[in-house]
Each structure stands twice: as C-alpha cells, then as structure tokens.
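Let's take a walk through this fold together, going from its overall layout to its sheets and then to its ligand site. Keep the viewer open as you read.

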Amino acid sequence: MAQANGETPPVAQEKINTDIVTLTRFLTEEQSKHKEATGDFTLLCHALQFSFKSIAYYIRRASLINLSGLAGSSNSTGDDQHTLDVIGNEIFVAAMRSSGKCRLLVSEEEEECLVFNESSKARYAVVCDPIDGSSNLDAGVSVGTIFGIFRLADNAEGKQEELLLPGTELVASGFTMYGASAQLVITMKGSTVNGFTMDNALGEFILTHPNMRLPKSRSIYSTNEGNSMYWDEPVKEYFNSLKYPTEKGGKPYSARYIGSMVADAYRTLLYGGIFAYPADKKSPKGKLRILYECAPMAMIMENAGGQAVNNRMERMVTIVPEHIHDRSGIFMGSYDEVQKVIDIYKKYH
Ligand code: AHM
Ligand code: MG
C-alpha cells in the first residue's frame, strides 16, 4: 500500500547494529585486561582466525573447484587423507609459520611436531586438527578445526617433548565448525566460553554467543553405538540406563550422532547432553587424540560449566599424552550427565 506521500514503504526494515563485537575487537579488549600482555597472543589469534576463514571458504567451494575425495595419502595415525585435509593443513601451517608467534606446531596431519626456527623467540605452541570429521566432507556434513594454544616455558628449547603437556597448561583452546555458517568457539584459561558467527559479507567473526553455559542436564546422548559390542561393562550399563530408564514414568534419551566431534560438541554446548567416544576392546586407548582433540574440547566443556573425563573417570584436562598423537577415551558434556557415567564407574571400581 502506498504511503501518504505516495511512496511504497519497504517490506521490512532490518534493525542495524552499529556497535558489533568482532573477534578482533574481542581479542583487543581481552588483551587490555592484561597489563603484562605484549600483543603476541592477539597476533597469533589473528593468524588463527585467517586460517579458519580460508578453510571455511574452500570447504564451501569444494564441490565446485574439484576439492572432493581422497588425496591418495594417509596421515600420521594411518587415516586416509582427503584433498581438503591436505589443503586445510597447509593453510594452517602457513598461517602459524608466518605469524612469527608460534614456535611449535602439532597437527593431526603431520607425523612430527613442526619447529619454526625462524620464530625461535616465539613463546607459543599450537596444537590442531585442521579438519576434524573429514570422512563427512564429501557429504556436505559439518566438519571443524580444533585448536589449543600453550605458552612455552621461558627456557624452552623448541623440542617436541616440551609439548607433552596436560590440558591444564592450555592458555586457550577452541574450535571452528564449518556448517550452515562458520561458528568459532574460543575460551581462555579460567575464563568464559564465547561463540562467534562468521558474517561472510563483512568477512568477520561476530560475537553471537557470549558466555556460553552448558545446560546442567539434558536427555541427549551422542556416541557411535556401532561400537557397543566392544564396550566394557560400565559403558554398556551406562548407555542402557539411558535407553531403558528404570524409574517409574522415566523416558529414554534421544540419540544424536553426527560423527564429527566438532559438530557433536557444538550441539552439546548449546543444547546439553553427553558426547562420548569411549576406549573399547577394539581401540583400548580410544580413538580421539589427547593433545589436539580431547584436551581443547575438555577445556571448553569445563569452562562452560560441564565435565570431561577419560575412561578411568580422570579429568581429561589432567591427562599427559605419552606422545603427540596419543589417544584417549572421552565422556564430555553437561555436568549432571557426565556425573552419571562417573557414578556407574564407581560401582565397578
Ligand atoms: P578424524 O580426526 O580422522 O576426522 O577422526 C575424528 C572423528 C571425530 O570427529 C568423530 O567424533 C569421530 O572421529 C567419529 O568416529 P567414528 O566414525 O568411529 O564414529
Ligand atoms: Mg580429528
């Protein structure tokens, strides 16, 4: 309908936010809280941010520019590498090398730790899985990048062994999920968990989920039940207790399993519930890697008010990996849901 002045009104008007918190602004504000900060950490995060944007871009265009399928190689732990695994890793390595702030880099795709001698004064070490869940890539299912940042000791010599650290030593960790949009979740030691959404038009991650808190409980479980014949008794009893509740009127849990830890973890952070990849008879050490998958995720879960434990019910962030690609079983998510696993284990041990 025409207005009194004869002009046609717009269909709807978007409310414009002119005071957006970008990741860059967030990091700058965080840095100003630490008088001793030199800006190195912030610069390292900017380099990380660029690698997430690049990986997101190539994943979106993969089918169009022939980046689908296997690369014909396998990685450090014997998994088949996808073309995008290789590209994601190269993007990540280049970003870390050129940042000048990263001395050591452990990547799932690299057998040995990379030592950047050109940055011998750099005080940070980064651990990452550049594209986690890559078996989902060609089906367009969400995958993600997981990362953790350690601060090296002042007398560090830049050796791989100096990175065999527990998650309690992480100064920051996070992940980016490449889904309908790219979602970046980051947390720093002893701090809150914050979520950012990539605005493709602005080319910036925008703070959309400040201070993420895990719901205390939620009846959702996320695990690869195809492995259940290999599980040990407490794990079997735990999952059966969710599916066959014994209390009167009790309802069974919902199952949700994407098969990309980043996507399953992101849903768990938002909705609550539990994600588990237990160690079992087939994989006695578990499947997921301690340094760059379990520990960073565990730090996020704890900082959001949840719990994360291994198969011995020890806090995941206290586990010291025996080598850089060492694995562990993991149970993580809502505080009360993880507590149920711990309680069942207590009966057995
Ligand atoms: P990847 O690092 O080789 O991609 O493997 C890790 C992935 C996780 O994202 C996911 O939770 C798990 O492996 C899925 O394994 P499965 O296919 O055995 O359920
Ligand atoms: Mg992985």
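In this predicted model, the C-alpha centres of domain 1 and domain 2 lie 24 Å apart. The domain assignment gives residues 23-209 to domain 1 and residues 220-348 to domain 2. Where they meet, 37 residues of domain 1 are in contact with 28 residues of domain 2. On the domain 1 side of that meeting, the elements that give two or more residues are S5, S6, S7 and S8. Sorted by class, this side of domain 1 has 17 nonpolar, 17 polar and 3 charged residues.

Those four strands belong to an open sheet of 8 strands with mixed pairing, and the order to trace in your viewer is S4-S3-S5-S6-S7-S8-S9-S10. At the edges stand strand S4 (114-115) and strand S10 (204-209); each has a single partner strand, so one side of each is left without a neighbour in the sheet. Strands of a sheet pair through backbone hydrogen bonds, in either the parallel or the antiparallel sense.

There is also a second open sheet, this one of 5 strands in the order S12-S11-S13-S17-S15, again with mixed pairing. Its edges are strand S12 (254-255) and strand S15 (307-309), and because each has a single partner strand, one side of each is left without a neighbour in the sheet.

Here are three antiparallel pairs from the two sheets, each with one pair of facing residues:

| Strand pair | Bridges | Facing residues |
|---|---|---|
| S6 (residues 143-151) and S7 (residues 170-178) | 8 bridges | Thr145 and Thr176 |
| S9 and S10 | 5 bridges | Thr197 and Ile206 |
| S15 and S17 (residues 330-333) | 3 bridges | Gln307 and Gly333 |

The hairpin of S9 and S10 is worth a look: it has 4 residues between the strands, and Gly203 takes a positive phi near 70 degrees there.

Two helices lie across strands of the 8-stranded sheet. Helix H1 (residues 23-32) lies across strand S8 (182-188), strand S9 (193-199) and S10, and runs at about 75 degrees to S10. Helix H6 (residues 290-303) lies across strand S3 (102-107), strand S5 (124-132), S6, S7, S8 and S9, at about 100 degrees to S7.

Turning to the C-terminal part, an unreviewed UniProt entry places the feature "domain: Fructose-1-6-bisphosphatase class 1 C-terminal" at residues 215-345. Over that stretch the chain is 36% helix and 15% strand, with its end C-alpha atoms 23 Å apart.

Where does ligand 1 lie with respect to the two domains? Domain 1 and domain 2 both give residues to the shell around ligand 1, so the ligand lies between them. To set up a selection, take Asp79, Glu108, Asp129, Asp132, Gly133, Ser134, Asn224, Gly259, Ser260, Met261, Tyr277 and Lys287, which are the residues around ligand 1. How does this shell divide by class? The count is 2 nonpolar, 5 polar and 5 charged residues.

Definitions and conventions: Residues numbered from 1 in each chain as written. Chains lettered and ligands numbered in written order. Predicted model: local features only at pLDDT ≥ 70, side-chain atom pairs only at ≥ 80, totals over all residues. Near = placed C-beta within 6 Å. Nonpolar A, V, L, I, M, F, W, Y, C, P; charged D, E, K, R; others polar. Domains from an automatic or database assignment. UniProt positions renumbered as here; feature names shortened; annotations may be inferred. Pairing = 2+ DSSP bridges. Contact = placed C-beta atoms within 7 Å. Axes fitted to C-alpha atoms, helices over the stretch in contact; angles between N-to-C directions.
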